[in-house]
Amino acid sequence: GISVVSLLVRAGLAPSNGDAKRLIQGGGVSIHDQRVDDIIRKVTTADLHQRFILLRAGKKKLYRFDAL
């Protein structure tokens, strides 16, 4: 799996790893509307819903990762 911190930076939802960690610790990150509380959480194939992962940072920033 890949860390949620890395995905946030890769998607452009956070400018750096430190900002991504602060966003998670502040409760502002969710995957498929389930809040992410752990900064070391990994995203795996178990998180796929209909071949995609919906990552949300804050209320308005969304990114969809499609699995091929």
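Visitor: Why is R41 called partly exposed?

Guide: R41 has a relative accessible area of 27%, and the partly exposed class lies between buried (under 20%) and exposed (over 50%), using a 1.4 Å probe and protein chains only, so R41 belongs in that class. This is a predicted model, in which local features need pLDDT of at least 70 and side-chain atom pairs count only at pLDDT 80 or more, whereas totals for chains, interfaces and linings use all residues. Residues are numbered from 1 along each chain as its sequence is written, and side-chain values use heavy atoms, with hydrogens and water left out.

Visitor: What makes the meeting of R41 and D47 a salt bridge?

Guide: The term requires a side-chain nitrogen of Lys or Arg within 4 Å of a carboxyl oxygen of Asp or Glu. R41 and D47 are 3.0 Å apart, N to O, and therefore satisfy that rule.

Visitor: Is D47 buried or exposed, and how do you know?

Guide: The relative accessibility of D47 is 12%, which falls below the limit for the buried class, so D47 counts as buried.

Visitor: How do you know that D33 and R56 also meet in a salt bridge?

Guide: Their N to O distance is 3.7 Å, which the rule accepts. This pair links distant parts of the chain, for D33 is in the loop between β2 and β3, whereas R56 is in strand β5, 23 residues apart; a strand here is a DSSP run of E with at least two residues, numbered from the N terminus.

Visitor: Why is D33 called exposed?

Guide: D33 has a relative accessible area of 63%, which passes the limit for that class, so D33 is exposed.

Methods:
Helix = DSSP H or I, 4+ residues; strand = E, 2+ residues; numbered from the N terminus.
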